[in-house]
Amino acid sequence: MSLGIAILLAWILGGVPFGLLVVRAWKGVDIRQVGSGNVGATNASRVFEGRGRLPVFLGIYLFDFFKGFVPAMFFATWFGLPETVDRQVALGAAAVLGHCVSPFLGLKGGKGVATTTGVFAAVEPIALVASLVVFGIVARLTRQVFWGSLALGLTLGLAVPLREPSTAFSDRWAVSVAAITGALFLLYTHRSNLRQFFVTRREAKV
C-alpha cells in the first residue's frame with residue numbers, strides 16, 4: 001500500500017507544470033499558446049527576451065529536475081520502503097510519467113528531459129554527467145535543444161549498462177532497463193520535433 005501511495009504522489013508531483021505556472025504568474029502568458037506549446041523549460045524561456053531567457057530556462061529546468069530527483073532519492077525513505085534501486089526507478093519513472101501525462105493538464109504535458117535527468121542524478125549520477133556533456137556538445141553544434149536531448153537519452157541508454165557490464169542486467173537490471181526505456185521514451189516524446197525537422201529539410205530541397 002505504501003509503495004502504491006508513494007508512486008501516486010510521485011506522479012502527482014511530476015505533473016506539476018512549473019513552466020506554465022511560472023510564466024503565467026510572471027508574464028500572464030499561457031505557454032501552451034507559445035512556440036511549440038510545450039510546458040517545459042525551453043518553450044517557457046521563449047516568452048522572455050535577451051538575457052532573461054537563460055535564467056528562466058535554468059530555473060524551470062531545476063524545478064522539473066527536482067520533480068524527478070526527490071521521489072527517486074527520498075520517497076522510499078519517507079514512506080518506510082526498502083531503499084532498493086528498483087523502487088527508486090519505479091518512483092522516478094512515475095514522476096517522469098507525471099510530467100508527460102500530467103493530472104493537471106488533462107493528461108498532457110512536457111517531454112520529460114529535465115525530470116529524467118533528475119531521476120538519474122539519484123540512481124546513476126556518473127552516467128548522467130557523461131550524458132549532460134554530450135547534450136551540451138550536440139545542442140551547441142546543432143543549435144537545437146531537441147537534438148541535444150535525444151543525444152542525452154541515447155548516451156544514458158548506452159552509458160548505464162556499459163559502466164558496469166557484469167551487473168548491468170543482474171544486480172543493476174532495473175536502472176539499465178530504465179535507461180534504455182528512457183532513451184526510447186525521449187525519442188517518442190520528441191517525435192513532433194523530428195517530424196518537423198524532416199519536413200523542413202524536404203521543403204528546402206524542393
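## Close-up views of a predicted model

**View 1. Ser149, a buried residue of helix H8.** Ser149 is buried, as its relative accessible area is just 3%, and the cut-off for buried is under 20%. Please keep in mind as you look around that this model is predicted. Ser149 sits in helix H8, a helix that covers residues 145–163. Setting aside neighbours within four places in sequence, the contacts of Ser149 are Val113, Phe135, Leu186 and His190. One of these contacts, Val113, is itself a buried residue of H6.

**View 2. Helix H6 and its covered residues.** Here we turn to helix H6, which spans residues 113–123. How many of the residues of H6 are buried? The count is 11 of 11, so H6 is mostly covered. The buried residues start with Val113, Ala114, Thr115, Thr116 and Thr117, and go on with Gly118, Val119, Phe120, Ala121, Ala122 and Val123. What do these buried residues of H6 pack against? Their partners are H4, H5, H8, H9 and helix H7, the last of which runs over residues 125–142.

**View 3. Helices H5 and H9, side by side.** Two packed helices are described by the angle between their axes and the distance between the axes. In this view, helix H5 covers residues 85–100 and helix H9 covers residues 173–189. Their axes come within 10 Å and cross at roughly 10°. Angles under 35 degrees count as roughly parallel, and H5 and H9 are therefore roughly parallel to each other. On the H5 side, the contact is made by Val85, Asp86, Val89, Val96 and Cys100. On the H9 side, Ala174, Val175, Ala178, Phe185 and Thr189 take part. Taken by type, the residues of this contact of H5 with H9 are 8 nonpolar, 1 polar and 1 charged.

**View 4. Ala183, a buried residue of helix H9.** Staying with H9, we find Ala183 in this helix. Is Ala183 buried or exposed? Its relative accessibility is 19%, so Ala183 counts as buried, given that buried means under 20%. Leaving out neighbours within four places in sequence, Ala183 is in contact with Gly153, Leu154 and Gly157. For a sense of scale, Ala183 and Arg51 are 132 residues apart in sequence, and their C-alpha atoms are 32 Å apart in space.

**View 5. The largest pocket and its lining.** The largest pocket holds about 640 Å³ of space. Its lining is made of 25 residues, and the closest to the centre of the pocket are Thr42, Asn43, Arg46, Phe57 and Val145. Which helices each supply at least two residues of this lining? They are helix H3 (41–45), helix H4 (53–78), helix H6 (113–123) and helix H8 (145–163). H4 gives the most, with 5 residues. By type, the lining divides into 9 nonpolar, 12 polar and 4 charged residues.

**View 6. Two loop residues with a positive phi.** Leu107 belongs to the loop between H5 and H6. Its phi is near 65°, a positive value in a residue other than glycine. Leu107 has a relative accessibility of 53% and so counts as exposed, since exposed means over 50%. Arg143 is found in the loop between H7 and H8. Although Arg143 is not a glycine, its phi is positive, at about 60°. With a relative accessible area of 76%, Arg143 is exposed.

Notes
Residues numbered from 1 in each chain as written. Predicted model: local features only at pLDDT ≥ 70, side-chain atom pairs only at ≥ 80, totals over all residues. Heavy atoms only, no water. 1 Å grid on protein atoms, 1.4 Å probe; cavity = no way out; pocket = protein on both sides within 12 Å on 5 of 7 lines; lining within 4 Å. Points joined across faces, edges and corners; volume = space filled by probe spheres on them. Helix = DSSP H or I, 4+ residues; strand = E, 2+ residues; numbered from the N terminus. Nonpolar A, V, L, I, M, F, W, Y, C, P; charged D, E, K, R; others polar. Axes fitted to C-alpha atoms, helices over the stretch in contact; angles between N-to-C directions. Parallel < 35°, antiparallel > 145°, perpendicular 65-115°, else oblique. Contact = heavy atoms within 4.5 Å. Buried < 20%, exposed > 50% of the residue type's maximum accessible area, 1.4 Å probe, protein only.
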